[in-house]
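Reader: Please give me a close look at the salt bridges and at the aromatic rings that come with them. I would like each cut-off spelled out where its term is first used.

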Amino acid sequence: MINVKEKKAEAEVKAKEDEQKAREEVESRKGDVQRREKEARRQELEDAKVMTFARHADDKGLNEELKERERWNDPMARLLATKKSSSATGSGKSRSSGKSYQGAFEPNRYGIKPGWRWDGVDRGNGFERKWFAARNRVKDQENLEYAWQMDE
């Protein structure tokens with residue numbers, strides 16, 4: 001005689017074993033990077049439990065996280081030497097330590113040197129020159145006012 005309850009229990013145990021084997025197989029196919037990412041996500045969720053609900057501009061953790069985030073369209077990313085870029089090149093040098101323009105060039109607001117293939121022709125509309133002139137004019141005026149105050 002066949003006991004239906006025993007057969008159901010055996011079928012459930014077999015289904016659980018099959019499910020466990022499938023989970024282990026999926027887990028074994030994953031690489032070390034995926035495991036580390038999964039662990040990092042789990043750790044972030046654990047940290048979020050103790051975090052305050054409102055995060056403000058002075059939150060150091062949030063600021064560091066936003067600084068470390070890589071953006072695909074960030075024009076300054078290649079010029080700034082960060083931990084990631086210096087370790088990614090392998091030698092520890094920044095990416096901009098290669099060829100550079102050797103001639104003279106007008107300064108710009110950001111202090112960025114021209115590329116090594118630049119032909120030396122300024123094709124701008126003169127805004128940078130006007131910007132520097134305005135800043136220098138303001139500084140000169142402040143220095144003159146200070147000198148006049150000291151003169152009296």
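Author: A network of salt bridges joins E27, D32, R35 and K38, where a salt bridge means a side-chain nitrogen of Lys or Arg within 4 Å of a carboxyl oxygen of Asp or Glu. The model is a predicted one, in which local features need pLDDT of at least 70 and side-chain atom pairs count only at pLDDT 80 or more, while totals for chains, interfaces and linings use all residues. Residues are numbered from 1 along each chain as its sequence is written, and side-chain values use heavy atoms, with hydrogens and water left out.

Across the whole structure, the search finds 14 salt bridges. In one of them the closest N and O atoms of E25 and R29 are 3.0 Å apart; both residues belong to helix α1 (residues 4-29), where they are four residues apart, about one turn of the helix (helices are DSSP runs of H or I with at least four residues, strands runs of E with at least two, numbered from the N terminus). E25 is partly exposed at 45% relative accessible area, whereas R29, at 61%, counts as exposed (buried is under 20%, exposed over 50% and partly exposed in between, with a 1.4 Å probe and protein chains only). Helix α2 (residues 32-50) holds E39 and R42, three residues apart, and their side chains meet in a salt bridge with an N to O distance of 2.4 Å. Both ends of that bridge count as partly exposed, E39 at 40% relative accessibility and R42 at 41%.

A further bridge runs between R109 and E128, with 3.0 Å between the closest N and O atoms. This pair links distant parts of the chain, since R109 lies in the loop between α4 and α5 while E128 lies in helix α5, 19 residues apart. R109 is partly exposed, with a relative accessible area of 34%, and E128 is partly exposed too, with 23%. R109 also lies over the face of W131, 5.9 Å from the ring centre (a charge sits over a ring if NZ of Lys or CZ of Arg is within 6 Å of the ring centre and within 35 degrees of the ring normal). K99 lies over the face of W116 in turn, at 4.1 Å from the ring centre.

As for the rings themselves, the structure holds two aromatic pairs (rings of Phe, Tyr and Trp, the last by its six-membered ring, with centres within 6.5 Å; planes under 30 degrees apart count as stacked, over 60 as edge-to-face and the rest as tilted). The ring centres of Y101 and W118 are 5.0 Å apart and the planes stand at 65 degrees, so this pair is edge-to-face. Both residues lie in the loop between α4 (83-89) and α5 (127-151), so their pairing ties together parts that are 17 residues apart in sequence. W131 and F132 form the other pair, likewise edge-to-face, with 5.2 Å between centres and 80 degrees between planes; W131 is partly exposed at 27% and F132 at 23%.

A word on confidence: the mean pLDDT (the predictor's confidence in each residue, from 0 to 100) is 83 for the protein, with 89% of residues at 70 or more. Among the elements, α5 has the highest mean, 93, and α4 the lowest, 50. Over residues 87-93 the pLDDT falls below 50, and this stretch has one contact in the model beyond near neighbours in sequence (contact means heavy atoms within 4.5 Å). Where pLDDT is low, the predicted coordinates should not be read in detail.
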